[in-house]
Amino acid sequence: HGLTTALPTALERGEFFIEYQPLVHLGDGSVRGAEALVRWLHPQHGVLGPDRFIPLAEHTGLIVPLGRWVLEESVRQAREWRELHGGAEALGPLRINVNLSPCQLTHPGLVQDTVDILERAGVEPHALCLEVTESALIGADDDLLKPLRRLAEMGVDIALDDFGTGYSNLANLRRLPVSILKLDRSFTQSMQQFPADPVDLKIVEGIVSLAHSLDLAVTVEGVETGAQAEQLRTLGCDTAQGWYYARPGPPERLHELALVDA
Ligand code: G
Ligand code: G
Ligand code: MN
Ligand code: NA
């Protein structure tokens with residue numbers, strides 16, 4: 001239908017834009033970076049979220065140029081934040097998290113494109129985190145992991161997104177070049193009730209302890225209340241993201257939030 005025919009040219013028409021959702025350090029509440037979330041401003045349908053067009057983009061192959069555009073635009077934005085943020089060097093640069101679809105992982109240009117984009121913008125690899133879903137890496141062989149390993153060796157962080165939803169193979173974690181686990185929203189939601197389900201608390205506690213013993217940091221998604229944030233902080237999670245801090249928004253918004261707590 002309409003979306004299918006409009007999608008291939010939407011990129012050249014400049015109809016995509018990015019919103020940023022802050023990533024907050026649970027220990028001190030400071031904004032450390034943001035996740036880039038792409039949207040499509042469709043001329044007839046208005047703003048469409050990624051669930052409306054990412055599957056289509058994956059199916060048609062547009063995800064490769066679209067993903068490259070998202071990466072380029074977010075890295076450029078990270079550079080701009082750093083320039084605006086000059087006075088707050090003690091916190092380090094605001095980091096940028098970008099989602100990678102499985103099709104991008106198998107595309108041969110991934111490593112070189114990423115290197116070029118970082119170099120052109122003058123952004124160091126440590127300021128970039130690529131998010132890959134756990135399901136994309138299920139049963140991944142060495143060929144699939146090779147580009148991720150190269151990127152990790154360069155200093156790019158790799159995060160395992162939506163962790164705990166699929167067939168989490170904890171033993172498998174060791175061989176993946178990831179440095180961050182993003183704990184799925186469903187865990188955070190189970191902290192909503194008071195008292196929280198003691199079994200869920202134990203599960204999160206166990207995941208955090210395993211992650212830390214493997215030198216992985218833990219980011220939690222979907223934090224909607226201060227009570228959840230406090231609970232997750234107590235359980236040892238490192239970083240949080242969610243409506244309690246901010247909804248995804250324009251880049252100026254992120255910059256304001258980061259300056260407020262600097
Ligand atoms: O908050 P939002 O509804 O935008 O996010 C929905 C999902 O879309 C997220 O889980 C995220 O992983 C995915 N997503 C958002 N932006 C991108 C992107 O640039 N590339 C890919 N592959 N997925 C994205
Ligand atoms: O990459 P990922 O699939 O995790 O993308 C994050 C998705 O979760 C986006 O759709 C974003 O809008 C949504 N989201 C972000 N924060 C919250 C939150 O606090 N609560 C809920 N319910 N959804 C959130
Ligand atoms: Mn994500
Ligand atoms: Na997620």
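This passage describes helix packing, two ligand shells and a few aspartate residues in a predicted model.

Packed helices are a natural place to begin. Two packed helices are described by the angle between their axes and the distance between the axes. For helix 1 (residues 2-10) and helix 2 (residues 50-60), the axes come within 10 Å and cross at roughly 65°. Angles of 65 to 115 degrees count as roughly perpendicular, and helix 1 and helix 2 are therefore roughly perpendicular to each other. Their crossing is right-handed. On the side of helix 1, the contact involves Leu3, Thr4, Leu7 and Pro8, which meet Phe53, Leu56, Ala57 and Thr60 of helix 2. Sorted by class, the residues of this contact comprise 6 nonpolar and 2 polar, with no charged residue among them.

Helix 3 (63-84) takes part in another pairing, with helix 5 (residues 110-121). The axes of helix 3 and helix 5 come within 9 Å and cross at roughly 30°. Because angles under 35 degrees count as roughly parallel, helix 3 is roughly parallel to helix 5. Here too the handedness can be given: helix 3 passes helix 5 in a right-handed crossing. From helix 3, the residues Arg68, Leu71, Glu72, Val75, Arg76 and Arg79 meet Asp113, Thr114, Ile117, Leu118 and Ala121 of helix 5. The contact of helix 3 with helix 5 contains 5 nonpolar, 1 polar and 5 charged residues.

Helix 5 also packs with helix 6 (residues 142-154), at an angle of about 25° and with the axes 9 Å apart. That angle makes helix 5 roughly parallel to helix 6. The crossing of helix 5 and helix 6 is right-handed. Leu110, Val111 and Thr114 of helix 5 make the contact together with Pro147, Arg150 and Leu151 of helix 6. By class, this contact holds 4 nonpolar, 1 polar and 1 charged residues. Thr114 thus appears in the contact of helix 5 with helix 6 and also in the contact of helix 3 with helix 5.

Asp113, which lies in helix 5, belongs to the residues that meet helix 3. With 17 C-beta neighbours inside 10 Å, Asp113 counts as partly exposed. Asp113 and Leu66 are separated by 47 residues in sequence and by 13 Å in space, C-alpha to C-alpha.

The surroundings of the two ligands come next. Ligand 1 is enclosed by Leu37, Val38, Gly49, Pro50, Asp51, Ile54, Gly67, Val70, Asn99, Ser101 and Pro248. Strand 2 (31-42), helix 2 and helix 3 each supply at least two residues of this shell. The largest share, 3 residues, comes from helix 2, the helix that also crosses helix 1. Split by class, the shell around ligand 1 has 6 nonpolar, 4 polar and 1 charged residues.

Around ligand 2 are found Gln21, Leu37, Asn99, Asp161, Arg185, Glu221, Gly222, Val223, Glu224, Gly242, Trp243 and Pro248. This shell divides into 4 nonpolar, 4 polar and 4 charged residues. Leu37, Asn99 and Pro248 surround ligand 1, and these residues also appear in the shell around ligand 2.

Three further aspartates complete the picture. Asp162, placed in strand 6 (residues 157-163), has a phi near 55°, a positive value in a residue other than glycine. Asp162 is partly exposed, with 18 other C-beta atoms within 10 Å. Asp215 likewise has a positive phi, near 70°, and is not a glycine. Its place is in the loop between helix 8 and strand 8 (217-220). With 7 C-beta neighbours inside 10 Å, Asp215 counts as exposed, as the cut-off for that class is 12 or fewer.

Asp200 lies in helix 8 (residues 198-213). There are 16 other C-beta atoms within 10 Å of Asp200, so this residue is partly exposed. Leaving aside residues up to four places away in sequence, Asp200 touches Phe187 and Ser190. Asp200 and Leu259, by comparison, are 59 residues apart in sequence and 35 Å apart in space, C-alpha to C-alpha.

Methods: Residues numbered from 1 in each chain as written. Chains lettered and ligands numbered in written order. Predicted model: local features only at pLDDT ≥ 70, side-chain atom pairs only at ≥ 80, totals over all residues. Axes fitted to C-alpha atoms, helices over the stretch in contact; angles between N-to-C directions. Helix = DSSP H or I, 4+ residues; strand = E, 2+ residues; numbered from the N terminus. Parallel < 35°, antiparallel > 145°, perpendicular 65-115°, else oblique. Left-handed = near helix turned anticlockwise from the far one by under 90°. Contact = placed C-beta atoms within 7 Å. Nonpolar A, V, L, I, M, F, W, Y, C, P; charged D, E, K, R; others polar. Buried ≥ 20, exposed ≤ 12 C-beta atoms within 10 Å, placed from the backbone. Near = placed C-beta within 6 Å.
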